[in-house]
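Here is a walk through one protein model, written for someone who would rather be at the bench. Have a look at the sequence and the fold, then read on.

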Amino acid sequence: MRILYTLYLLLILPLALLLTILTALTVIIFSPIFGHDRLAYWPGCLWSRALLRLLLMPVHVEGRENIAADKQYIFAPNHESALDIFLVYGFLGHPFKWMMKKELARIPLVGYACKCCGFIYVDRENKKDIARTMAAAADALGTQHSMCIFPEGSRTRDGQLTPFKRGAFKLAHELQMPVVPITIDGCYEAMPRHRWLIRWHRLRLVVHAPIEPCADDPDDIGRLRDLTRDAILSAL
């Protein structure tokens, strides 16, 4: 079965590349006309959903009822695999912008398309750039968008949850915006960090109840971080 699935992947690779190129070109061409706010979500959402369907990955989503269509959130998923992007983008069902590491800007076409979408790139090695990134994220959230940030920063190497960085929770505290923990389950088994060959696996996305910030709590950032981590672990 694994050999047959690998052969299938080779057959659909040209179609997947074509979909990626068309989606990136759509965003690049039309963002100057319609603005990045309108193109930040739906082209990428449809692209992500189509790619996972092409991969024949069954997707199960729980908890969408926990989020309201007319509210802004900081979405905080665990980071198992490169497939996480497609799972969250395609199946969360709530418009948002990404905060992502600057290395992704180097991907041909896709990196520039993300810039056209108004996504936020962060250089984690440069403290001055982190301050600029947080200001840019606050501006993006001020345009009625939500934001998706992987609090681990990088994909797990062994499938286990790694320590959470403070950035997402600092932003939530400063803007008094709810944090929504998201559990991703199955993407590590399908495509772990050290392997490029995809394996068929069931994927699961769990959207937890929002965690409200507390402006009067001096340790609010740590509280948000710990509650988010506990929520994610509860569904793994």
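Is Thr156 buried or exposed? Thr156 is buried, because its relative accessible area is 2%; buried means under 20% relative accessible area, exposed means over 50%, and partly exposed is in between, with a 1.4 Å probe and protein chains only.

A word on what you're looking at: this is a predicted model, where local features need pLDDT of at least 70, side-chain atom pairs count only at pLDDT 80 or more, and totals for chains, interfaces and linings use all residues. Residues are numbered from 1 along each chain as its sequence is written, and side-chain values use heavy atoms, with hydrogens and water left out.

**Around Thr156 and His79**

Thr156 sits in the loop between β5 (146-148) and α7. Helices (H or I, at least four residues) and strands (E, at least two) are DSSP runs, numbered from the N terminus. Not counting residues up to four places away in sequence, Thr156 touches His79, Glu80, Thr162, Tyr188 and Arg193, where contact means heavy atoms within 4.5 Å. The side chain of Thr156 also makes a polar contact with the side chain of Asp158. A polar contact is a pair of N or O atoms within 3.5 Å; within protein, one must be able to donate a hydrogen and the other to accept it, and residues adjacent in sequence count only if both atoms are side-chain atoms.

His79 belongs to another loop, the one between β2 (74-77) and α4. With a relative accessible area of 9%, His79 is buried. Beyond four places in sequence, His79 touches Asp84, Phe150, Glu152, Gly153, Ser154, Arg155 and Thr156. Its side chain also has a polar contact with that of Asp84.

Both His79 and Thr156 line the largest cavity, along with Asn78, Glu80, Glu152, Gly159, Gln160, Leu161 and Leu236. A cavity, on a 1 Å grid over the protein atoms alone, is a set of points where a 1.4 Å probe fits but cannot get out, and lining residues have an atom within 4 Å of a point. The structure holds 1 cavity of 30 Å³ or more, and the largest has a volume of about 40 Å³. Grid points are joined across faces, edges and corners, and a volume is the space filled by probe spheres set on the points. By class, the lining has 2 nonpolar, 5 polar and 2 charged residues.

**α4 and the cores**

Follow the chain on from His79 and you meet α4, which is mostly covered: 8 of its 9 residues are buried. Among them are Leu83, Asp84, Phe86 and Tyr89. Just after α4, Gly93 takes a positive phi of about 80 degrees.

α4 also supplies at least two residues of the largest nonpolar core, as do α1 (2-34), α3 (42-54) and β3 (96-101), among others. That core has 47 residues, and those with the most contacts inside it are Leu55, Met57, Phe75, Phe96 and Trp98. A nonpolar core is a set of buried Ala, Val, Leu, Ile, Met, Phe, Trp, Tyr and Cys residues joined through side-chain atoms within 4.5 Å. α1 gives the most, with 7 residues. Leu55 is in contact with Tyr5, Leu9, Ile12, Leu83, Ile198 and Trp200, leaving aside its neighbours within four places in sequence. A second, separate core of 21 residues includes Met134, Ala137, Val179 and Ile232.

**β7 and the loop after it**

Val206 is in strand β7 and is buried, with a relative accessible area of 7%. His208 is in the loop between β7 and α9 (220-234), and at 13% relative accessibility His208 counts as buried. The backbone oxygen of Ala231 lies 3.2 Å from a polar atom of the His208 side chain.

Here are the side-chain to side-chain polar contacts mentioned in this report, plus one for His208:

| Residue | Partner | Distance |
|---|---|---|
| His79 | Asp84 | 2.8 Å |
| His208 | Thr183 | 2.8 Å |
| Thr156 | Asp158 | 3.2 Å |

**Two positive phi values**

Leu109, in the loop between β3 and α5, has a positive phi near 65 degrees. Gln176, between α7 (167-175) and β6, has a positive phi of about 50 degrees. Most residues other than glycine have a negative phi.

Conventions. 1 Å grid on protein atoms, 1.4 Å probe; cavity = no way out; pocket = protein on both sides within 12 Å on 5 of 7 lines; lining within 4 Å. Nonpolar A, V, L, I, M, F, W, Y, C, P; charged D, E, K, R; others polar.
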